[in-house]
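Good morning, everyone, and thank you for making time for this short talk. Please have a look at the sequence and the structure on the screen, and then we will go through them together.

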Amino acid sequence: LQYLNKKLDYEKVNNAIKTCHKAGIRTVANMIVNIQGQTREEMHEDFDRLKQLKPTFVSISIYNWAPGTSHYLKALEEKVIPLDFWREHALNPMEEDPIVHPVTEVPIKEVYKMRDNFVRNYYFNPAYIFNYLKLMSPSEFLGTFNVARLMLKGKIKSMIDNFSNSSEASSEATDFPLTRGVFVSSVKPHNPATVPLASSKNHFN
């Protein structure tokens with residue numbers, strides 16, 4: 001929270017969500033993971049806390065340094081980011097905008113898998129499905145069914161991908177050059193690139 005300059009009281013958030021649920025109001029909880037210096041244990045703690053809040057919807061973002069922000073400028077000044085990737089992109093635009101992630105003790109590819117697995121398991125929990133059905137109007141059923149079908153399709157695809165050839169995954173990981181200090185990708189957020197950083201706790205926004 002200190003790193004993100006967020007002033008948040010977990011108990012107030014918890015009470016607010018409970019109050020909304022009693023009134024039949026749907027809630028959304030946003031969370032950011034892979035913040036500069038965040039440890040594996042802290043990530044698991046944040047996922048557990050998000051699960052305990054029981055919001056109607058969850059939104060989990062993977063932290064990246066956005067251009068022009070105080071965090072990005074400070075990381076450049078401290079040489080955590082060795083190159084102004086956004087300026088280079090502005091001078092010579094790539095097909096996609098660069099994604100500039102801090103490197104924590106959890107490999108970035110694993111962070112994305114952790115996030116995706118949490119979201120799928122959260123929504124496909126029988127208790128969640130039962131409680132959500134009680135909130136739905138008849139007109140919402142078709143749309144919800146289509147979303148669930150797409151998520152299930154993604155889960156099945158993920159299971160198949162886990163059995164893919166490891167050499168293929170290895171070659172994909174070398175599609176982009178590694179950079180000392182950060183993980184940078186212009187197309188896929190799956191290629192690591194390096195920096196040990198200080199710890200920060202409680203990353204709900």
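Let me begin with a question: not counting residues up to four places away in sequence, which residues does Val111 touch? In this model, which is a predicted one, Val111 touches Val33, Asn34, Met43, Ile62 and Val106. I will come back to Val111 in a moment, but the overall layout should come before that.

The chain has 205 residues, of which 35% count as buried, and its secondary structure comes to 8 helices and 4 strands. If you read the elements from the N terminus on, they run α-β-α-β-α-α-β-α-α-α-α-β. Among the contacts in the chain with a separation of 6 or more, 73% are accounted for by residues that stand 24 or more positions apart.

Before we look at details, a word about confidence. The average pLDDT of the chain is 75, and 72% of the residues score at least 70. Confidence is highest in helix α2, residues 40-53, with a mean of 94, and lowest in helix α8, residues 166-172, with a mean of 36. Over residues 165-182 the pLDDT is below 50, and this stretch has 35 contacts in the model beyond near neighbours in sequence. Residues 185-205 also stay under 50, and for them the model has 95 contacts beyond four places in sequence. Where pLDDT is low, the predicted coordinates should not be read in detail, and I would ask you to keep that in mind when you look at those two stretches.

Now to the interior. The largest nonpolar core has 21 residues, and those with the most contacts inside it are Val33, Phe47, Leu50, Ile60 and Val111. At least two residues of this core come from each of β1 (28-33), α2, β2 (57-62), α5 (108-123) and α6 (126-135), and the largest share, 8 residues, is supplied by α5. Apart from this core lies another one, of 12 residues, which includes Tyr72, Ala75, Leu76 and Phe85.

Some individual residues show how parts of the chain that are separated in sequence come together in space. Take Ile32, which lies in strand β1: its C-alpha atom is 4.8 Å from that of Ser61, although the two residues are 29 apart in sequence. Is Ile32 buried or exposed? Its relative accessibility is 15%, and because this is under the 20% limit, Ile32 counts as buried.

Arg40, in helix α2, gives a second example, since 65 residues in sequence separate Arg40 from Glu105, while their C-alpha atoms are 6.5 Å apart. Leaving aside neighbours within four places in sequence, Arg40 is in contact with Glu105, Val106, Pro107 and Glu110, and with a relative accessibility of 28% Arg40 counts as partly exposed.

A third example is Pro98, found in the loop between α4 and β3 (99-101). The C-alpha atoms of Pro98 and Trp86 are separated by 7.0 Å, with their positions 12 residues apart along the chain, and Pro98 is buried, with a relative accessible area of 4%.

Let me turn to two lysines whose backbone deserves a look. Lys54, in the loop between α2 and β2, is not a glycine and yet has a positive phi of about 55 degrees. Lys79, in the loop between α3 (70-77) and α4 (85-91), likewise has a positive phi, of about 65 degrees, without being a glycine. Lys54 has a relative accessibility of 58% and counts as exposed, and Lys79, at 66%, counts as exposed as well.

Lys54 also brings us to the last topic, the second largest pocket, which holds about 460 Å³ of space. Which residues lie nearest its centre? They are Lys54, Pro55, Tyr122, Tyr128 and Asn131, out of the 18 residues that line this pocket. Helices α5 and α6 each supply at least two residues of the lining, and α6 gives the largest share, with 6 residues. By type, the lining of this pocket divides into 8 nonpolar, 6 polar and 4 charged residues.

To close, I would return to Val111, which belongs to the residues with the most contacts inside the largest nonpolar core, and which is a good place to start when you explore the model yourselves.

Key
Residues are numbered from 1 along each chain as its sequence is written. This is a predicted model: local features need pLDDT of at least 70, side-chain atom pairs count only at pLDDT 80 or more; totals for chains, interfaces and linings use all residues. Side-chain values use heavy atoms; hydrogens and water are left out. pLDDT is the predictor's confidence in each residue, from 0 to 100. Contact means heavy atoms within 4.5 Å. A nonpolar core is a set of buried Ala, Val, Leu, Ile, Met, Phe, Trp, Tyr and Cys residues joined through side-chain atoms within 4.5 Å. Buried means under 20% relative accessible area, exposed over 50%, partly exposed in between (1.4 Å probe, protein chains only). On a 1 Å grid over the protein atoms alone, a cavity is a set of points where a 1.4 Å probe fits but cannot get out, and a pocket is an open set with protein on both sides within 12 Å along at least five of seven lines; lining residues have an atom within 4 Å of a point. Grid points are joined across faces, edges and corners, and a volume is the space filled by probe spheres set on the points. Ala, Val, Leu, Ile, Met, Phe, Trp, Tyr, Cys and Pro count as nonpolar, Asp, Glu, Lys and Arg as charged, and the others, Gly among them, as polar.
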